Amino acid sequence: MDGRVDTLVAELKAAGEPTRLRLLALLSVGDLTVKDLTTILGQSQPRISRHLKLLTEAGLIDRFPEGAFAYYRLADRGNEADTLARLLVARLDPADPVLSADRARLDNARRVHQEAAQRYFAANAESWDSIRALHAADERVEKAMRAALGETPFRTLVDLGTGTGRILELFADLYQRGVGIDASAPMLSVARTNLARAGLAHAQVRQGDIYALGMPSGAADVVVLHQVLHFLDDPGRAVAEAARLLSPGGRLMIVDFAPHDLEFLRDAHQHRRLGFSRSQIAGWTAAAGLALERIEDFPPDPGEQQKLTVTLWLARDPRVLMAGPASDRTETA
């Protein structure tokens with residue numbers, strides 16, 4: 001047979017099994033680990049791992065190792081296997097009782113993750129800035145963030161996962177209206193206190209879902225995701241929602257950890273991801289229709305073994321061409 005026919009038959013064989021179809025349906029929703037999937041499907045870890053291996057080998061899903069964990073997702077390489085996987089998922093009946101039960105267990109698993117994060121935030125809201133300082137060179141990073149945005153005033157800034165409101169304070173002299181969004185009520189209480197202390201009447205904070213912000217498209221000139229994505233089950237979805245908020249020519253700034261292997265951060269600080277590679281963020285911003293302009297790394301000082309490298313990404317909505325000389329950029333992706 002033709003090589004392409006052989007490949008298609010292999011892909012269909014990989015997908016043509018009830019559990020593997022259920023896995024494709026779940027992974028079309030977002031990134032999941034083997035542990036997540038064993039909990040949702042109620043099957044053994046070796047069995048789930050074998051199914052995932054077959055789907056990965058067929059190119060229907062992608063595997064992303066991360067420390068002691070690996071995340072799986074529906075393949076997104078722009079090839080025929082990706083198209084087939086999405087066609088198969090689209091043919092599934094969402095009202096099917098088995099798939100409905102899987103989605104319910106997925107929602108519950110995500111609720112467990114979110115509740116653990118909320119407990120952590122509630123316990124550490126007052127000392128959050130000092131905890132963050134254990135892992136990031138804040139002064140250097142904040143200086144670079146200011147340099148990346150420049151000194152030209154703009155209308156609206158939205159800070160997603162605002163925490164203590166630090167980013168709203170950092171850029172207070174540039175925006176006319178600042179909005180901070182966070183899911184944690186204790187964090188928002190701290191942020192409101194900080195903003196009031198700083199006299200920032202043009203900034204406000206509110207509780208919200210980072211995946212469904214309830215704000216109109218094009219509402220923001222600048223959106224910031226500062227040390228937020230590593231807490232999320234589905235960072236790519238959060239990036240897409242942030243991009244949706246941007247006005248033409250608007251900018252998305254992401255600041256987060258580079259890949260690392262400090263496993264204790266999962267349990268001790270509820271980190272869902274052990275950092276992000278340059279290509280991961282570049283992929284999510286491109287998928288959201290943004291043009292990546294700047295990438296800058298901030299490694300720890302020599303001897304600071306427990307501190308992590310921080311990376312800054314700046315992307316722009318390309319509906320308006322970027323003004324300014326190329327020399328303003330640290331690195332073009």
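A residue is called buried when its relative accessible area is under 20%, exposed when that value is over 50%, and partly exposed in between. Keep this in mind while you move through the structure, which is a predicted model.

**Stop one: strand 7 and its neighbours**

Begin by selecting residues 220–226, which make up strand 7; this strand is mostly covered, since 7 of its 7 residues are buried because they fall under the 20% cut-off. Next add residues 154–160, which form strand 4, and you will see a strand that runs parallel to strand 7 and is joined to strand 7 by 4 bridges. If you display leucine 157, you will find that this residue stands opposite valine 222 of strand 7.

Now select residues 246–257, where strand 8 pairs with strand 7, again in the parallel sense, over 6 bridges. Return to valine 222 and look for its partner in strand 8, which is arginine 251. To follow the chain from strand 7 to strand 8, add helix 11, residues 235–244, and you have the three parts of a right-handed β-α-β unit.

**Stop two: a salt bridge within helix 11**

Stay with helix 11 and show the side chains of arginine 244 and glutamate 241, which form a salt bridge whose closest N and O atoms are 2.9 Å apart. The two residues are 3 apart in helix 11, so about one helical turn separates them. Which of these partners is buried, and which is partly exposed? Arginine 244 is partly exposed, because its relative accessible area is 29%, whereas glutamate 241 is buried, with a value of 10%.

**Stop three: salt bridges between separate parts**

In total the structure holds 15 salt bridges, and two further pairs deserve a visit. Select aspartate 36 and arginine 272, whose salt bridge has its closest N and O atoms 3.6 Å apart. Aspartate 36 belongs to helix 3, and arginine 272 to the loop between helix 12 and helix 13, so this pair ties together parts that lie 236 residues apart in sequence. Both aspartate 36 and arginine 272 are buried.

Then move to arginine 166 and glutamate 142, whose side chains meet in a salt bridge with an N to O distance of 2.8 Å. This pair links helix 9, which holds arginine 166, to helix 8, which holds glutamate 142, and the two residues are 24 apart in the chain. Arginine 166 has a relative accessibility of 28% and therefore counts as partly exposed, while glutamate 142, at 12%, counts as buried.

Methods: Residues numbered from 1 in each chain as written. Predicted model: local features only at pLDDT ≥ 70, side-chain atom pairs only at ≥ 80, totals over all residues. Heavy atoms only, no water. Buried < 20%, exposed > 50% of the residue type's maximum accessible area, 1.4 Å probe, protein only. Pairing = 2+ DSSP bridges. Right-handed = clockwise from strand over helix to strand, strands pointing away. Salt bridge = Lys/Arg side-chain N within 4 Å of Asp/Glu carboxyl O.
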